[in-house]
Structure formats: structure tokens, C-alpha cells
Amino acid sequence: MRGNREDSLHTDSVFTATDHTYMADALRLAERGLYTTDPNPRVGCVIVKDEKVIGRGFHRKAGEAHAEVLALNEADEAARGATVYVTLEPCMHLGRTGPCADALIEAGVARVIAAMQDPNPLVAGKGFAKLRAAGIETASDLLEEQARQINPGFISRMARGRPWVRSKLAVSLDGRMALVSGKSKWISGEAAREDAQRWRARSSAILTGIGTVLADDPAFTVRLPGEWRQPKRIVVDSSLRMRPDALILKQPGETHIATTITDAAHHTPLVAAGARLLVLPAKDDHVDLAVLMRRLAEVECNEILVEAGAQLNGALLEAGLVDEFIIYMAPHLLGDSARGMFHLPPLMDMGGRQELQITDLRQVGEDLRIMARLK
């Protein structure tokens with residue numbers, strides 16, 4: 001609750017070990033909405049009274065009850081005088097559901113501890129203020145970094161006006177991601193491909209380039225057992241080379257084509273095939289990627305998974321639009337004639353290199369998975 005520190009507790013040093021335990025429980029609950037809450041944030045809530053948990057809840061799906069309401073329903077009358085641990089500041093505006101701050105006030109809780117302030121300008125400290133005005137003690141910033149990791153896309157969309165962008169790359173041990181012909185099936189192993197499916201499932205949209213579509217004719221759907229929400233598919237196709245019979249246009253869900261071509265005659269066969277055309281301004285004769293990201297934020301895309309070739313990956317990197325990399329490195333070699341990961345201008349000295357911070361490193365099947373962020 002930045003900016004109101006005189007009214008609330010804000011640092012881990014003032015929280016007890018018990019507070020940490022209950023907030024960790026709330027964070028685990030929030031993670032249960034990892035694949036389902038989009039475009040809403042993932043939120044968990046735990047209500048405690050007399051050192052006993054009396055209510056738990058997590059937000060499952062946009063339009064359904066929020067975590068606090070579900071936890072209050074479970075706690076019922078026992079919520080009066082209780083402490084509430086929630087991973088995000090309670091909302092105070094009327095959206096698809098009622099304000100959670102009002103529900104907490106009506107329930108008569110004594111204290112609300114949030115992991116972080118809501119970055120949504122409609123909330124941003126106002127939820128805390130409303131609770132304090134009703135006599136409820138508030139505190140925040142408990143396990144804030146862990147809370148932020150659960151909702152990087154929602155935070156990015158609210159704070160920066162663009163989604164959180166991950167680039168997924170499957171490469172050989174010598175850093176090649178496709179043969180000279182452009183073919184890339186399959187560089188990574190089965191376990192890595194299944195792992196990648198889960199990153200698809202949590203994303204708002206999959207972003208690719210027309211080169212990948214023409215070379216591989218991919219479907220870009222979530223292919224996991226059970227029923228899954230299908231993310232949007234966004235194809236960057238500046239000069240509109242997409243074929244109306246492309247496999248990507250025959251899948252459930254939405255396929256959008258980002259182009260600079262304004263001629264409606266070129267749009268008609270693709271629209272008839274099920275595509276949605278997104279005409280954007282050009283930059284250096286290609287779709288302006290920064291504008292594309294702003295548009296995706298406007299339609300409530302939180303997390304974007306890039307599955308593309310060196311051209312689009314390089315362009316996104318140059319534009320400063322990549323936040324994170326997921327690199328699956330397979331134990332084989334493709335040689336220096338195969339295609340690399342990024343098409344970038346040559347460096348004149350080492351000072352111009354892109355520096356990354358590895359955040360996670362593990363083996364997935366026979367492949368090595370590297371998670372990295374730009375410093």
C-alpha cells in the first residue's frame with residue numbers, strides 16, 4: 001500500500017512467522033487458478049481466527065466469485081473479528097462481481113493482510129483505504145515478490161500498458177532452432193513439448209510469425225488431457241501471405257492476423273476462413289510490434305507466449321518487448337548452416353551484448369530447460 005505507510009504495516013520485518021505461513025497458504029491457493037482466471041489476476045485468500053483457518057478460497061474464473069468471497073462463505077459468521085490473508089489488495093470497484101472490500105466490511109473482519117497492492121488504477125490503494133475507513137486494520141507487502149511472480153502479466157498490463165512476453169525456444173545444443181529449410185519438428189523431446197503445452201495453457205495468446213506458419217503449418221492449440229481454455233493465436237503477417245487453408249485457421253478459438261495491408265479485398269478470403277484481421281501501422285515496412293502489444297493489452301491479454309522463428313524473435317528483442325525466455329536445449333547438434341535463435345544486427349564490441357539472468361535451470365526429460373530474463 002505504497003504512499004500510505006503511516007496507516008499500515010509494510011515490511012516483512014513486522015510480520016510473524018505465522019503470518020508468513022498463512023500467506024504462503026494463500027499463495028498456493030492462488031496458483032490453483034493459474035490456467036483459468038485470465039484475464040483476471042490469480043488470487044488466493046485464507047481467513048484465520050484463534051489460530052485456526054476458518055475459510056479458504058481462490059479465484060477460479062473471470063465472472064465468478066473472487067477469492068475473498070469464497071473464503072468468507074466458508075467462514076460464515078465466524079469471520080467476525082478474524083484476520084484475512086489475501087494475495088492481492090481487495091477490490092473496491094464494481095466489475096463483473098461485487099467489491100470484495102464491501103464484503104469484508106460487512107463480514108466484520110478485524111484485519112486484512114495483503115501480499116501486494118493491486119496495480120489496477122481502479123483499485124490501487126483504494127481498497128485498503130475503504131477498509132481502514134471502516135475501522136479494519138490493514139497491512140501489505142507480505143511475500144510480495146512471490147505474489148508478483150504469480151501475476152506477471154496482469155501487473156505488466158496494468159503498470160506498463162502491455163502484456164508480459166515470454167519467448168519459448170526449442171534449440172539444439174549448438175543453439176540452432178530450425179534446419180536451413182526452416183523445418184523445426186521436432187528439436188525438443190516429448191517431455192519438453194508437454195511442458196511447453198502448460199506454458200501455452202496459462203497464456204492469454206500465442207504469438208508467431210507468418211514464416212513459422214508457412215514452414216510448419218502449426219495448429220498452436222493446447223493439447224493436454226481434459227478441457228482447457230484455448231489462448232488466442234496472433235500471427236504477425238505484415239504483407240498478408242497467410243493461406244486461407246492454413247491449419248491455424250481451422251482450430252477452436254480465435255486466430256488474429258496482424259498486418260499492415262489495408263486493402264479489404266485481401267482480407268475477404270481470410271475473414272471467410274475464420275481469421276480476424278488486425279490492421280496496424282508499419283514500422284520499417286513491418287507491423288509496429290510496440291503498437292501490437294498495446295492493442296493486445298487493450299483486449300486484456302496478460303501473458304503472451306512467443307513461438308516463432310529468428311526474425312520475429314530478433315525484432316521483439318530489438319524493440320525491448322521480450323521479458324522472459326523459456327529455452328529447451330536438446331542434446332544434439334544441427335550444425336552452423338541451421339538457423340539460429342535471433343536475427344539481430346552484428347555487434348561491434350562485447351559491450352552491446354544482451355545480458356540475461358538465469359532464473360531457473362532444470363532437466364525436463366532428455367532436454368535442459370533454461371528460464372531467463374533480461375537484466
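Me: What makes E300 count as partly exposed?
Reply: This is a predicted model, and in it E300 has a relative accessibility of 36%. Buried needs under 20% and exposed needs over 50%, so E300, at 36%, falls in between and is called partly exposed. You will find E300 in the loop between α10 (289-298) and β13.

Me: What makes the phi of E300 worth a look?
Reply: Phi of E300 is near 65°, a positive value, and E300 is not a glycine. Most residues other than glycine have a negative phi.

Me: Which other residue has a positive phi although it is not a glycine, and is it buried or exposed?
Reply: That would be D284, with a phi of about 55°. D284 sits in the loop between β11 (282-283) and β12 (286-287). Its relative accessible area is 67%, and the cut-off for exposed is over 50%, so D284 is exposed.

Me: Thanks! Moving on to E303, why is this residue called buried?
Reply: The relative accessibility of E303 is 2%. Anything under 20% is buried, so E303 qualifies. E303 belongs to strand β13, residues 303-306.

Me: How do you know that the side chain of E303 makes polar contacts, and with which residues?
Reply: One partner is R166, whose side chain lies 2.6 Å from that of E303. Another is R202, with a side-chain contact of 2.9 Å. The cut-off is 3.5 Å between N or O atoms, with a donor on one side and an acceptor on the other, so both pairs count as polar contacts. Setting aside residues up to four places away in sequence, E303 also touches others, including R42, I150, W164 and S203.

Me: What makes E324 a residue to view alongside R166?
Reply: The side chains of E324 and R166 are joined by a polar contact of 2.8 Å, and the limit is 3.5 Å. E324 lies in strand β14. With a relative accessible area of 4%, under the 20% limit, E324 is buried. Leaving aside neighbours within four places in sequence, the residues in contact with E324 include W164, V165, M371 and R373.

Me: S203 came up as a neighbour of E303; why is S203 called buried?
Reply: S203 has 1% relative accessibility, which is under 20%, so it counts as buried. The loop that holds S203 runs between α7 (190-202) and β7 (205-209). Beyond residues up to four places away, S203 touches R229, P231, E303 and L305.

Me: How do you know that S203 and N302 are brought together by the fold rather than by the sequence?
Reply: They are 99 residues apart in sequence, yet their C-alpha atoms are 7.4 Å apart in space.

Me: How many cavities are there, and which residues line the largest cavity?
Reply: The count is one cavity of 30 Å³ or more. The largest cavity has a volume of about 30 Å³. Its lining is made of T37, D38, N40, R42, N151, G153, F154, N302 and E303. They divide into one nonpolar, five polar and three charged residues.

Me: D38 is in that lining; what makes its bond to P39 unusual?
Reply: The peptide bond joining D38 and P39 is cis, with omega of about 10°. Most peptide bonds are trans. P39 is placed in the loop between α1 (17-31) and β1 (44-49).

Me: Why is D263 said to cap helix α9?
Reply: A side-chain oxygen of D263 lies 3.0 Å from the backbone nitrogen of A265, within the 3.5 Å limit for a polar contact, so D263 is placed as the cap of the N-terminal end of α9 (residues 264-272). After α9 comes G274, with a positive phi near 110°.

Me: What makes G320 partly exposed?
Reply: Its relative accessible area is 48%, which lies between 20% and 50%, so G320 is partly exposed. G320 is in the loop between α11 (310-318) and β14 (324-330).

Me: Lastly, how do you know where to be careful with the coordinates?
Reply: The average pLDDT is 92, and 95% of the residues score at least 70. Residues 1-13, however, have a pLDDT below 50, although this stretch has 35 contacts in the model beyond near neighbours in sequence. Where pLDDT is low, the predicted coordinates should not be read in detail.

How values were computed: Residues are numbered from 1 along each chain as its sequence is written. This is a predicted model: local features need pLDDT of at least 70, side-chain atom pairs count only at pLDDT 80 or more; totals for chains, interfaces and linings use all residues. Side-chain values use heavy atoms; hydrogens and water are left out. Helices (H or I, at least four residues) and strands (E, at least two) are DSSP runs, numbered from the N terminus. Buried means under 20% relative accessible area, exposed over 50%, partly exposed in between (1.4 Å probe, protein chains only). Contact means heavy atoms within 4.5 Å. pLDDT is the predictor's confidence in each residue, from 0 to 100. On a 1 Å grid over the protein atoms alone, a cavity is a set of points where a 1.4 Å probe fits but cannot get out, and a pocket is an open set with protein on both sides within 12 Å along at least five of seven lines; lining residues have an atom within 4 Å of a point. Grid points are joined across faces, edges and corners, and a volume is the space filled by probe spheres set on the points. Ala, Val, Leu, Ile, Met, Phe, Trp, Tyr, Cys and Pro count as nonpolar, Asp, Glu, Lys and Arg as charged, and the others, Gly among them, as polar.
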